[in-house]
Amino acid sequence: MRASIRVRLAGEAAVLSVKAMTPGRARAEFEADIAAADAHEMLSHLCEGPIIEKWRHIVVHAGDRWEIDEFLGDNAGLIIAELELDSEEQDFARPAWLGEEVTDDQRYYNFRLSQHPYRQWPQAWAKTP
């Protein structure tokens, strides 16, 4: 099974995460806090391709915690909302501001965005997931 390994920085907080690259809504994900200095070192020396930069906003809607990623750099203009569920069958209140479902569209995976940034997508491709 393939997985993506991510290093996240938020100020002086840093997290190392491993996320399975499996189809469907459910993906195994593991996270561990790491030293910010280690995160900077990893980002400087171990990453292939451009770094995915984004602002993460937390929005609570109907008691659910949505993670809204506002992409920067070559992926500027792309905004993705994610809700972590306990199971694929779990119901949730769909916010009025939520767009199309892109869970199964690999174009939106971070590793794909590093290879084919959103700004380089043809206009028709960017509008039709």
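**Exercise 1. Find which residues make up the largest nonpolar core of this predicted model, and what Leu 113 touches.**

Solution. Seven residues make up the largest nonpolar core, namely Phe 71, Leu 78, Ile 80, Val 102, Tyr 108, Leu 113 and Trp 121, and the model in which they are found is a predicted one. Taking Leu 113 next, and not counting residues up to four places away in sequence, one finds that Leu 113 touches Ile 52, Phe 71, Asn 75, Leu 78, Arg 107, Tyr 108, Tyr 118 and Trp 121.

**Exercise 2. Work out in which order strands S4, S5 and S6 are arranged in their sheet, and which of them are edge strands.**

Solution. The three strands form an open sheet in the order S4-S5-S6, with antiparallel pairing. The edge strands are S4, residues 54–61, and S6, residues 79–83, since each of them pairs on one side only. Neighbouring strands of this sheet are turned against each other by 25° on average, with direction ignored. Looking at one pairing in detail, strand S5 (residues 64–71) joins S6 in the antiparallel sense over five bridges, and Ile 68 stands opposite Ala 81 in S6.

**Exercise 3. Trace the salt bridge of Asp 69 and decide whether each partner is buried or partly exposed.**

Solution. Asp 69 forms a salt bridge with Lys 54, and the closest N and O atoms are 3.1 Å apart. This pair links distant parts of the chain, for Asp 69 lies in strand S5 and Lys 54 in strand S4, 15 residues apart. Asp 69 has a relative accessible area of 5% and is therefore buried, whereas Lys 54, at 23% relative accessibility, counts as partly exposed. Both residues also belong to a network of salt bridges that links Lys 54, Arg 56, Arg 65, Glu 67 and Asp 69.

**Exercise 4. Explain why Lys 19 counts as buried while its salt-bridge partner Glu 82 is partly exposed.**

Solution. The salt bridge between Glu 82 and Lys 19 has its closest N and O atoms 3.4 Å apart, and it joins strand S6, which holds Glu 82, to strand S2 (residues 13–20), which holds Lys 19, across 63 residues. Buried means under 20% relative accessible area; Lys 19 counts as buried because its relative accessibility is 9%, while Glu 82, at 25%, is partly exposed.

**Exercise 5. Establish whether Arg 6 is buried or exposed, and how far away the nearest side chain of opposite charge is.**

Solution. Arg 6, found in strand S1 (residues 3–10), is buried yet has no salt bridge. The nearest side chain of opposite charge, that of Glu 29, is 4.9 Å away, and a salt bridge requires the nitrogen and oxygen atoms to be within 4 Å.

Terms used:
Residues numbered from 1 in each chain as written. Predicted model: local features only at pLDDT ≥ 70, side-chain atom pairs only at ≥ 80, totals over all residues. Heavy atoms only, no water. Helix = DSSP H or I, 4+ residues; strand = E, 2+ residues; numbered from the N terminus. Buried < 20%, exposed > 50% of the residue type's maximum accessible area, 1.4 Å probe, protein only. Lys, Arg positive; Asp, Glu negative; His and termini not counted. Core = buried A, V, L, I, M, F, W, Y, C linked by side-chain atoms within 4.5 Å. Contact = heavy atoms within 4.5 Å. Pairing = 2+ DSSP bridges. Axes fitted to C-alpha atoms, helices over the stretch in contact; angles between N-to-C directions.
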